[in-house]
Amino acid sequence: MLDSMSSDFKLEIGGEEPRVSTRNGNVEQNERAGTVHKILSGIRNQGSKSISNFLTNAQRRTLGDRFFRGNRIVKNGSFSGLFDGDETREHGLGRKTGPLLSGTAYCISSCSMIILNKVVLSGYNFNAGISLMFYQNLISSIVIVLLGLCRTVSIEKLNWKLIRLWIPVNLIFIGMLVSGMYSLKYINIAMVTILKNVTNIMTAIGELYIFRKRQNQKVWTAMFLMIISAISGGITDLTFDTLGYGWQVTNCVLTASYSLTLRRIMDEAKKLTRSGSLNEASMVLLNNLLSLPFGAVLIFLFGEWAYVVNADVIKLPMFWVVATASGLLGLAISFTSMWFLHQTGPTTYSLVGSLNKIPLSIAGIFLFKVPLSPPNLFSILFGLFAGVFFARAKMS
C-alpha cells in the first residue's frame, strides 16, 4: 500500500496531469494532481514549516480521502485489487471457511467422544463409570488451568459465594454424566441417541411450567413423533436392557433439570463474578473442579476404588490412551461448540446438533456390530427425522 501511494505521489510531483478516469467516472487523476499542487504551493509560501504543521485537519482528510478513493477497487476498472482486494478475499474466505471448520470440529469431537466412551465401557468392559467420569473431569480441569496460566483463555476467579451457589447445579451435572456413562454401557449408541430426544420433551415441559414459555404447534407435533420413536425403538430393540433403559431415562431427567436449573441461576452467578459474566471456560472449570470431591466420595461409596485397583484393564496402555482421549474430547466439545455457535448462531447450531445424530447412529451400528431388525431400524430413522423436525420447529 505504501509503495502504491509513493508511486502516485512521484508521478504527480513531476508535473504530469494525465486524465485517467475509471470506467464509472468516479475518480479523476487530474483532480488529485491539482490538490497536490495547491498543497505544494502552500508549503513554499510557508517556508520552513513542515507538512504536518501546514495542513489543516480538513485538508489532510481531503487529501487522504482522494488518494484512497482513487486507488480502491473499481468495478471493471484497471485499478481493481490495488489496495484492499487481498483483504477482501481473506475476509470472504474466512466467512466461508469459518462455519465449515468450526462445525466440522464440533461434529467430530462430539461423535468421537461418545464412541470412545462406548469403547472404554463396553469394548474394554470397564465397570466403573464414576471413576471414568472422575478421570475425564480431572483431565479437563488440568488442561483449562494450564490454558488459563498461559492466558490462552480467560478464567474467572472462583469465590465461596459462587461455589455455594453452583453446588446444586454441579450435583445434577455429576448425576447427568454418571447416568450417561452407564446407559451407554448397556445400550447401543443408536438407541441412546434416539432416547435422548426425550430430554427435549422434558425441557420443553419444564420451560412451560417454570418460565411460562409456550411452544408452537410444530414443536408439540415433533415431540409427539419423538415419543412414538422412543417407544417403538425400545419395543423393537433386539439388545433391550432394562437397567440400561432405566439409566437413560434418569439421564434424560437430569439433563433437562441441568438445563433448566442452569438457566435459573446463571444471572445470579454472573453477579458473583468480578467481571460480571461467566464465560464458557470458567463454567467448564467450575463444573469439573467441583465434581472431583463429590466424584471421589461416590467412588468409595459404590466400591469402585477396589474394582479399579484390581482391574486387569488398567494395565493396558491403550486403555489409558482411549480414556485420556475421551477426556480431552469432552473438553474439545465445550470449546468447539462455543466456536461454532460464535461463527453461526443458535439456529444453525441446533440444527447441526440434530443432524449430527445421523452419522453417529450409523457409525455406532457398524462399529459395534449392533443386531438390527427392520422395525428397529425404521424406529431409529424415524427418531432421527423427528429430532431434525424438532430443531426446525424450534426455529420457526
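**Exercise 1. Find what share of the residues in the chain is buried, and describe the chain as a whole.**

*Solution.* Let's start with burial: of the 396 residues in this predicted model, 41% are buried. Next, look at the secondary structure, where the chain has 17 helices and zero strands. Then turn to the contacts with a separation of 6 or more: residues 24 or more positions apart account for 81% of them. Finally, take the outside of the chain, whose accessible surface comes to about 21,600 Å². Carbon and sulfur atoms hold 64% of that surface.

**Exercise 2. Decide which element of the chain has the lowest mean pLDDT and which the highest, and locate stretches where pLDDT is under 50.**

*Solution.* Begin with the overall figure: the mean pLDDT of the chain is 76, and 74% of its residues reach 70 or more. Now go element by element. Helix α1 (residues 2–13) has the lowest mean, 38, while helix α6 (residues 129–149) has the highest, 93. Moving to stretches, residues 1–33 stay under 50, and the model gives them 47 contacts beyond four places in sequence. Residues 46–91 are also below 50, with 49 contacts in the model beyond near neighbours in sequence. A friendly caution before you use those contacts: where pLDDT is low, the predicted coordinates should not be read in detail.

**Exercise 3. Describe the second largest pocket: its space, its lining and the elements that supply the lining.**

*Solution.* Step one is the volume, about 270 Å³. Step two is the lining, which consists of 15 residues; Ser131, Phe134, Tyr135, Ile299 and Val308 are the closest to the pocket centre. Step three traces the lining back to its elements: α6, α12 (280–301), α13 (304–310) and α14 (317–343) each give two or more residues. Among the contributors, α6 gives the most, with five residues. Step four sorts the lining by residue class, and the split is 14 nonpolar, one polar and no charged.

**Exercise 4. Work out whether Ser122 is buried, partly exposed or exposed, and find its contacts beyond four places in sequence.**

*Solution.* First place the residue: Ser122 sits in helix α5 (residues 85–123). Its relative accessible area is 27%, so Ser122 counts as partly exposed, because that class lies between the cut-offs of 20% and 50%. Next come the contacts: outside the neighbours within four places in sequence, Ser122 touches Leu184 and Lys185. To finish, check a C-alpha distance: Ser122 and Tyr186 are 64 residues apart along the chain, and their C-alpha atoms are separated by 7.8 Å.

How values were computed: Residues numbered from 1 in each chain as written. Predicted model: local features only at pLDDT ≥ 70, side-chain atom pairs only at ≥ 80, totals over all residues. Heavy atoms only, no water. Helix = DSSP H or I, 4+ residues; strand = E, 2+ residues; numbered from the N terminus. Buried < 20%, exposed > 50% of the residue type's maximum accessible area, 1.4 Å probe, protein only. Contact = heavy atoms within 4.5 Å. Areas by Shrake-Rupley, 256 points an atom, 1.4 Å probe, with all protein chains shown as cover. pLDDT = per-residue confidence, 0-100. 1 Å grid on protein atoms, 1.4 Å probe; cavity = no way out; pocket = protein on both sides within 12 Å on 5 of 7 lines; lining within 4 Å. Points joined across faces, edges and corners; volume = space filled by probe spheres on them. Nonpolar A, V, L, I, M, F, W, Y, C, P; charged D, E, K, R; others polar.
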